[in-house]
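This report describes a single protein chain for a reader who has not met it before. The sequence and the structure are shown first, and the description follows.

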Amino acid sequence: MLDVEWRFAGDEQQFRIHYADPNTGFNCGWHRDDDHPELGSVHFQYDHPETGETTHQRAQFEKSVPTEILWTVLERLFEDRIPSLTVE
């Protein structure tokens, strides 16, 4: 399941692009919000299926157009994050 949410408040945009696989428990996403100011405006969040712990990492995108960010996220998700986080 892929959940994509974009909100605009004036010139500022916030988004949540989150992927979850209910069959494996894999759950991660990129968020631009005020939840983790120490990480900057954008962070990557990964929920560890075995431990239930959540990891947050600073993230950034070169593009600013929502569709370009979405394409970048999908590329990172399927080419980098899923393979690297599901290695056994």
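## Strands 1 and 2

Trp6 has Phe15, a residue of strand 2, as its bridge partner in this predicted model. The two residues belong to a wider pairing: strand 1, residues 2–9, and strand 2 run antiparallel and are joined over eight bridges. Together these strands form a hairpin with two residues between them. In the turn, Gly10 has a positive phi of about 70°.

How much of strand 2 is buried? Strand 2 spans residues 12–21, and eight of its ten residues are buried, so that the strand is mostly covered, given that buried stands for under 20% relative accessible area.

## Strands 2 and 3

Strand 2 also pairs with strand 3, which covers residues 26–32. These two strands run antiparallel and are joined by seven bridges. Within strand 3, His31 is the residue that stands opposite Arg16.

Strand 2 and strand 3 form a hairpin as well, with four residues between the strands. Here Gly25 takes a positive phi, near 85°.

## Aromatic pairs

Six aromatic pairs are found in the structure. For Tyr19 and Phe26, the ring centres are 6.2 Å apart and the planes meet at 55°, so this pair counts as tilted. Tyr19 and Phe26 are both buried. A second pair consists of Trp30 and Phe44, whose ring centres lie 4.7 Å apart with the planes at 55°, so this pair is tilted too. Trp30 belongs to strand 3 and Phe44 to strand 4, residues 42–47; the pair therefore ties together parts that are 14 residues apart in sequence. Trp30 and Phe44 are both buried.

Which residues do ring pairs link into a cluster? The cluster consists of Tyr19, Phe26, Tyr46 and Phe78. Tyr19 and Phe26 thus appear both as a tilted pair and as members of this cluster. Phe44, for its part, has a charged neighbour: Arg81 lies over the face of the Phe44 ring, at 3.7 Å from the ring centre.

## Salt bridges

Side chains of opposite charge can pair when their charged atoms come close. In the whole structure, three salt bridges are found. One of them joins Arg16 and Asp3, with the closest N and O atoms 2.4 Å apart. Since Arg16 is in strand 2 and Asp3 in strand 1, the pair ties together parts that are 13 residues apart in sequence. Arg16 has a relative accessibility of 29% and so counts as partly exposed. Asp3 is likewise partly exposed, with a relative accessible area of 29%. Arg16 therefore takes part in this salt bridge and also stands opposite His31 in strand 3.

Another salt bridge is formed by the side chains of Glu5 and Arg7, at 2.4 Å from N to O. Glu5, at 32% relative accessibility, counts as partly exposed, and Arg7, at 38%, is also partly exposed. A further salt bridge brings together the side chains of Arg81 and Asp80, at 3.9 Å from N to O. Is Arg81 buried or exposed? With a relative accessible area of 17%, Arg81 is buried, because buried stands for under 20%. Asp80, at 40% relative accessibility, counts as partly exposed. Arg81 is thus found both in a salt bridge with Asp80 and over the face of Phe44.

## The chain as a whole

The chain has one helix and five strands. From the N terminus on, the order of these elements is β-β-β-β-β-α. Along the principal axes, the C-alpha atoms fill a box of roughly 45 × 25 × 20 Å.

How does the radius of gyration relate to that of a compact globule, and what is its value? A compact globule of 88 residues would have a radius of gyration near 12 Å, and the chain has 13 Å, which agrees. Of the 88 residues in the chain, 34% are buried. Among contacts between residues at least 6 apart in sequence, 27% join residues at least 24 apart.

Technical notes
Residues numbered from 1 in each chain as written. Predicted model: local features only at pLDDT ≥ 70, side-chain atom pairs only at ≥ 80, totals over all residues. Heavy atoms only, no water. Buried < 20%, exposed > 50% of the residue type's maximum accessible area, 1.4 Å probe, protein only. Pairing = 2+ DSSP bridges. Phe/Tyr/Trp six-rings, centres within 6.5 Å; stacked < 30°, edge-to-face > 60°. Lys NZ or Arg CZ within 6 Å of the ring centre and 35° of its normal. Salt bridge = Lys/Arg side-chain N within 4 Å of Asp/Glu carboxyl O. Rg over C-alpha atoms; globule rule 2.2 N^0.38 Å. Contact = heavy atoms within 4.5 Å.
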